[in-house]
Amino acid sequence: MKQIESRHWIFGGLFVIVIITMVLNINLEVRVTPETDRFYACLDSLPAGATVIVSFDHEASSLPEIRPLALAVLRHAFSRDLKLVGTALLAEGTAVGYRLMTQTADEYGKTYGEDYVYLGFKPQYIAAILSMGESIPDTYPEDYLGQPYRDYEMLVDVENYDDIAAVISIADGSLTTHWIEYGASRYNIRIVAAVTAAMMTTYDPYLASGQLYAMFGGLRGATEYEQLIGIGGSGKRGMLAQSAAHVYVMVLIIAGNIIYFRTRRRKGSAS
């Protein structure tokens, strides 16, 4: 049997701390940042029945961070009785988006075809964004389930971006920039984004210039949004686990440095 080394104890300790933190589900109050509050206010200000596109522009690998963001936004949108049209600019996000939309719709008793429709993936994302600006039914003649676009009553009056109140891009990469550069710039559609923490600095210039109307992101952003809508979720649990892991690593670094300097001093005294 291979001998257990110190790094195995360290990884084991990290595993135990993360599990305990997530199981305890400590009530965490966070300060809501103005960016998250602006996103919330944007959705909250839309009238019931307004049609919003939710675009799942991410890969499956970022699901631990994307899922709490998407669920928080979808819960808010369904609670406001907004009509949601789901799309995906990346193939990997297609099935994830459909599952998240149907799961959240079930929580609020929403009906497919009446309260939301999922159009699915369209390749060549720039062409898809531009094409939807001209005609959404021509871009998506059928939805994700293979039913004709024109068969859905909630889509009868939805022809292009003129009939869309906002586009929500849920992204882990740069695809939101295409919504901004082609959707917002050319068709003047309002773009808001929920992104992974690593991508937030990428979009800060767009946010500062007003090209991106609102943005929030990361597990911190998901926690803030869950607090705003009054529904706890995986964002809070994930952030607690992440914070506990950071504290654990900091304690190890401090302990390692103390051991190092004491050992060096002892060797110096001995020589």
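User: What covers the buried residues of H4?

Analyst: First, the ground rules: this is a predicted model, where local features need pLDDT of at least 70, side-chain atom pairs count only at pLDDT 80 or more, and totals for chains, interfaces and linings use all residues. Residues are numbered from 1 along each chain as its sequence is written, and side-chain values use heavy atoms, leaving out hydrogens and water. Helices (H or I, at least four residues) and strands (E, at least two) are DSSP runs, numbered from the N terminus. Buried means under 20% relative accessible area, exposed over 50%, and partly exposed in between (1.4 Å probe, protein chains only). For H4, the cover includes strand E1 (51-57), helix H3 (63-79), strand E2 (83-88) and strand E3 (116-121). Among the residues they help cover are Gly93, Val96, Leu100 and Met101.

User: How many residues are in the largest nonpolar core, and which touch the most other members?

Analyst: A nonpolar core is a set of buried Ala, Val, Leu, Ile, Met, Phe, Trp, Tyr and Cys residues joined through side-chain atoms within 4.5 Å. This one has 36 residues, with Phe39, Phe56, Leu84 and Ile168 touching the most other members. H3 gives the largest share, nine residues. There's also a second, separate core of 33 residues, including Tyr149 and Tyr206.

User: Where is Ile26, and is it buried or partly exposed?

Analyst: Ile26 sits in the loop between helix H1 (6-24) and helix H2 (34-45). With a relative accessible area of 44%, Ile26 is partly exposed.

User: And which residue takes a positive phi just after H4?

Analyst: That's Gly109, at about 65°.

Terms used:
Contact means heavy atoms within 4.5 Å.
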